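Here is a friendly tour of charged side chains and strand pairing. Please have a look at the model first, and then read on.

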Amino acid sequence: MAQMVTMESIDLSDATISMPAEIQVEQIHIETPEESTTTENYCPEMIGHVLATHVGKRTRILDGSFTYVELMKHYHSSLDESEWQKENLYERLLRRAKTEDLTEVSGIGCLYQSGVDRLGRPVVVFCGKWFPAHNIDLEKALLYLIYLLDPIVKGDYVIAYFHTLTSSNNYPSLQWLKDVYSILPYKYKKNLKAFYIVHPTFWTKMMTWWFTTFMAPAIKTKVHSLPGVEHLYSAIAKDQLEIPAYITEYDMATNGIHYFQPITNTSSPAS
């Protein structure tokens, strides 16, 4: 029968403890359930961490006793997803993205790189109308996004999202967007210098505000809603922007011809 760890076995002189700065897990031999018959390898700091509940900056020790296996299970399940866990997941997805057949997504043509902006940064184009959110394998969609963007996001880059003529069939769930944002490592957010939304609707503006306020505040100041394609030309030269004909046709029908005169200098509003 597995030994029990009680409060009497832990030398705590006060009712509260401070969390240890580091927990050297690699120095601890973690036994399997079959091996867990003794307590000789217990780590008091880790046990104290498991038995503690955060109250502000202090902690309150909980009464109770646990077997070693139960402590380890509770410890790992109580941790928030750390950066190394995210990186490990991302690396696994990246390896899959480089080996799996993603023609189902790449053949749609909704996501691609199109030249560079006026500051030499790669431009990633996303055409919302061509993204069949409810008729596509969203896992493969994520893998293709990683496959395309991983070499790009090592440096500064911008995204141009065309919301032109999209419908509810093109909108993925907010949970999926949240999961994607959480999985992508910090370099995606840090090196993104501008996110242009062309032909936004009321729905787009509301969702953008909600997403950047509650889910992705780090990119809030980088998002720019533009009423027409020509507004992009102050940041991206026309010959660097390859977009489907339906977007320019809609743009001319809605806004007319040459409705905006770009500022052709070396600076950019999103620089």
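A residue is called buried when its relative accessible area is under 20%, exposed when it is over 50%, and partly exposed in between (1.4 Å probe, protein chains only). A salt bridge here is a side-chain nitrogen of Lys or Arg within 4 Å of a carboxyl oxygen of Asp or Glu. The model is predicted, so local features need pLDDT of at least 70 and side-chain atom pairs count only at pLDDT 80 or more, while totals for chains, interfaces and linings use all residues. Residues are numbered from 1 along each chain as its sequence is written, and side-chain values use heavy atoms, with hydrogens and water left out.

**Salt bridges**

- How many salt bridges does a search of the whole structure find? The search finds 6.
- Asp150 and Lys187 meet through their side chains in a salt bridge, at 3.1 Å from N to O. This pair links distant parts of the chain, 37 residues apart: Asp150 sits in the loop between helix H5 (138-149) and strand E5 (157-162), and Lys187 in helix H7 (residues 186-191). Helices (H or I, at least four residues) and strands (E, at least two) are DSSP runs, numbered from the N terminus.
- Asp150 counts as buried because its relative accessibility is 7%, whereas Lys187, at 26%, counts as partly exposed.
- Asp156 forms a salt bridge with Lys193, and their closest N and O atoms are 3.9 Å apart. Here too the pair links distant parts of the chain, 37 residues apart, with Asp156 in the loop between H5 and E5 and Lys193 in strand E6 (residues 192-198).
- Asp156 is partly exposed at 36% relative accessibility, and Lys193 is partly exposed with a relative accessible area of 27%.
- Arg96, Glu100, Glu139 and Lys140 are joined into one network by salt bridges that share partners.
- Within this network, the side chains of Glu100 and Arg96 meet in a salt bridge at 2.6 Å, N to O. Glu100 counts as partly exposed at 30% relative accessibility, and so does Arg96 at 28%.

**A buried charge without a salt bridge**

- Which side chain of opposite charge is nearest to Glu230? It is Lys238, 5.8 Å away, and Glu230 is buried yet has no salt bridge. For this count, Lys and Arg are positive and Asp and Glu negative, while His and the chain ends are not counted.
- Glu230 lies in the loop between E7 and helix H9 (245-255).
- Leaving aside neighbours within four places in sequence, Glu230 is in contact (heavy atoms within 4.5 Å) with Asp251, His258, Tyr259 and Phe260.

**The sheet**

- An open sheet is formed by 5 strands in the order E3-E4-E5-E6-E7, with mixed pairing. Two strands pair if DSSP finds at least two bridges between them.
- Strand E3 (111-116) and strand E7 (223-226) stand at the edges, each with a single partner strand, so one side of each is left without a neighbour in the sheet.
- E5 and E6 run parallel and are joined by 6 bridges. Ala160 stands opposite Tyr196 in E6.
- E3 and strand E4 (residues 122-127) run antiparallel, joined by 4 bridges. Val116 has Pro122 in E4 as its bridge partner.
- E3 and E4 form a hairpin with 5 residues between them, and Gly120 in the turn has a positive phi of about 80 degrees.
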